[in-house]
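Please look through the chain shown here before reading on. The paragraphs that follow go from single residues to salt bridges and then to the chain as a whole.

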Amino acid sequence: GRLVGFTDGKDVFLRKEGKGGPLLCNLTGSEGLDLAAGGAATVSVRGFSADGKWLLARSGEKALVAFPVGGTTPVEVVAGGKGVTVGGVHCVDTQEDFSGVLVEVTGLVPGGASAVFRASLDPVMPLQLDTMAPLSPGSPETWLVDTPSGAVLGVVFADGKRRSLLMREPLPRKRIAEPPSFGAWKEGAEWSEASGMRYVGFSGGLAWLQDFYSGDVTAVATDGTTHRIRNR
């Protein structure tokens, strides 16, 4: 039957729709977990893994836990700690070499900047660094992840009131067993908050920007080239 994961801000629940009616399970209550840290943090459900075997939940910005669907023992994907912050969680489609999630975490790499880590859930493995931020003024604000391929293809940097978009192009593999490789980071766009330009999303290998004054949309490809679509 269809599975639905949700939270009341404290506990994580799994609802299964079946022929005999819905079944409801309190995942945190059954394990005696307190993701809300005694009310100090708000619990949020981040989604299912692509294979549907895991339900991911975040405790505030400090920890990420994966609950096995139909299992008993949850897995702490990111442990909360001083200076550690969990950002975006990207559920990646199952591949030949990786099945799990990409997690944005601040405070684990030298300098404490945001970086993207791979968390393998099948089998369960320790966090592995996937992508560090390229050298650029400011700090990473938004990572652009292609979830079908599990590749980090872009990042938006914030430097005060200025924003810059950097993209990188995936390179073809010579052998299937080879790890993915990428071209150099290239700046695709730069703007200020006062310009009306905003980053609005990433889809189909393209980063999308919109000018909220004119309504024009700009698509930025992974090789850094841009195409502007005017609002007529």
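**Salt bridges, two residues and the whole chain**

Glu190 has a relative accessibility of 48% and therefore counts as partly exposed, since that class lies between the 20% limit for buried and the 50% limit for exposed residues. The model is a predicted one.

The side chain of Glu190 meets that of Arg162 in a salt bridge, with 3.6 Å from N to O. Glu190 belongs to strand 17 (residues 186–192) and Arg162 to strand 14, so this pair ties together parts that are 28 residues apart in sequence. Arg162 is also partly exposed, at a relative accessible area of 40%.

What does the next residue in strand 14, Arg163, pair with? Arg163 forms a salt bridge with Glu193, and their closest N and O atoms are 3.1 Å apart. Glu193 sits in the loop between strand 17 and strand 18 (197–203), while Arg163 is in strand 14, so the bridge ties together parts 30 residues apart in sequence. Glu193 is partly exposed, with 34% relative accessible area.

Arg163 has a salt bridge to Glu141 as well, at 3.0 Å from N to O between the side chains. Here the link runs from strand 12, which holds Glu141, to strand 14 (residues 162–167), which holds Arg163, so parts 22 residues apart in sequence are tied together. Is Arg163 buried or exposed? Arg163 has a relative accessible area of 12% and is buried, because the limit for that class is 20%. Glu141, at 41% relative accessibility, counts as partly exposed.

By the rule applied here, the count of salt bridges comes to seven. Bridges that share partners also join Asp211, Asp216, Arg228 and Arg230 into one network.

Asp216, one member of that network, is placed in the loop between strand 19 (206–211) and strand 20 (217–220). Its relative accessibility is 6%, so Asp216 counts as buried. The side chain of Asp216 makes a polar contact of 3.2 Å with the side chain of Arg230. The Asp216 side chain also reaches a backbone atom, the nitrogen of Asn231, at 2.8 Å. With residues up to four places away in sequence left out, Asp216 touches Leu209, Gln210, Asp211, Arg228, Ile229, Arg230 and Asn231.

Strand 12 (residues 139–146) also contains Leu144. Leu144 has a relative accessible area of 0% and is buried. Which residues does Leu144 contact, apart from its neighbours within four places in sequence? Among them are Ala151, Val152, Leu153, Gly154, Val155 and Val156, and the list further includes Leu165, Met167, Tyr199, Phe202 and Ala207. Leu165 and Met167 fall within the residue range of strand 14, and Tyr199 and Phe202 fall within that of strand 18. Leu144 and Gly205 are 61 residues apart in sequence, and their C-alpha atoms are 9.3 Å apart in space.

Turning to the whole chain, there are one helix and 21 strands. Of its 232 residues, 41% are buried. Among contacts with a separation of 6 or more, 31% are between residues 24 or more positions apart. The accessible surface of the chain is about 12,300 Å², and carbon and sulfur atoms account for 53% of that surface.

Methods
Residues are numbered from 1 along each chain as its sequence is written. This is a predicted model: local features need pLDDT of at least 70, side-chain atom pairs count only at pLDDT 80 or more; totals for chains, interfaces and linings use all residues. Side-chain values use heavy atoms; hydrogens and water are left out. Helices (H or I, at least four residues) and strands (E, at least two) are DSSP runs, numbered from the N terminus. Buried means under 20% relative accessible area, exposed over 50%, partly exposed in between (1.4 Å probe, protein chains only). A polar contact is a pair of N or O atoms within 3.5 Å; within protein, one must be able to donate a hydrogen and the other to accept it, and residues adjacent in sequence count only if both atoms are side-chain atoms. Contact means heavy atoms within 4.5 Å. A salt bridge is a side-chain nitrogen of Lys or Arg within 4 Å of a carboxyl oxygen of Asp or Glu. Accessible areas come from the Shrake-Rupley method with a 1.4 Å probe; for residues, only the protein chains shown count as cover.
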